[in-house]
Amino acid sequence: QVQLVESGGGSVKAGGSLRLSCTSSKSTYSGSCWGWFRQPPGKEREGVAGIDVIGGHTSYDDSVQGRFTISLDSARKTAYLQMNSLKPEDTAVYYCAADSLCRSLTAINPLAERVYDYWGRGTQVTVSS
């Protein structure tokens, strides 16, 4: 199984920015379809952003639309989540995930957890007021 690893989390003030990155251990995995999820304290995990570079599509939860940007490097080995204008309600553990079969291309909900088969263990993002 492929294990993904997130990095770039931390604590920031409201209005600040962070960039998260995600790659597999030893950078052995490459793929065209990736996603980011988050779990706020006391809440269920939710989809944040997804990308497929085959069709050039991105998807975002309404709560982050216009503030967050998902991207993938040209080697398709590292996924990024650029987070701008952060709000306290963005505080959560953020997880990256890979959709090895690119099911998200045809999924009704491309940010559903069941679409993704490889996962990281999460990185904490804390946004203070």
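Trainee: Why is Glu113 called partly exposed in this predicted model?

Mentor: Its relative accessible area comes out at 31%. Buried needs under 20% and exposed needs over 50%, so Glu113 falls in between and gets the label partly exposed.

Trainee: And what makes Arg45 partly exposed?

Mentor: Arg45 has a relative accessible area of 28%. That value also sits between the 20% and 50% limits, so partly exposed is the right name.

Trainee: How do you know that Arg45 and Glu113 meet in a salt bridge?

Mentor: Look at the N to O distance, which is 2.9 Å. The cut-off is within 4 Å, so the pair qualifies. The two residues come from distant parts of the chain, 68 residues apart: Arg45 is in the loop between strand 4 and strand 5, Glu113 in the loop between strand 9 and strand 10.

Trainee: What makes Arg67 and Asp90 a salt bridge?

Mentor: Here N to O is 2.7 Å, and that is within 4 Å, so the name fits. Arg67 lies in the loop between strand 6 and strand 7, and Asp90 in the loop between strand 8 and strand 9, so the pair ties together parts 23 residues apart in sequence.

Trainee: Why does Arg67 count as buried?

Mentor: Its relative accessibility is 11%; buried means under 20%, so Arg67 passes. Asp90, at 1%, is buried by that cut-off too.

Trainee: Which residues do salt bridges with shared partners join into one network?

Mentor: Arg38, Glu46, Arg67 and Asp90. Within that group, Asp90 also forms a salt bridge with Arg38, with the closest N and O atoms 2.9 Å apart.

Terms used. Residues are numbered from 1 along each chain as its sequence is written. This is a predicted model: local features need pLDDT of at least 70, side-chain atom pairs count only at pLDDT 80 or more; totals for chains, interfaces and linings use all residues. Side-chain values use heavy atoms; hydrogens and water are left out. A salt bridge is a side-chain nitrogen of Lys or Arg within 4 Å of a carboxyl oxygen of Asp or Glu. Helices (H or I, at least four residues) and strands (E, at least two) are DSSP runs, numbered from the N terminus. Buried means under 20% relative accessible area, exposed over 50%, partly exposed in between (1.4 Å probe, protein chains only).
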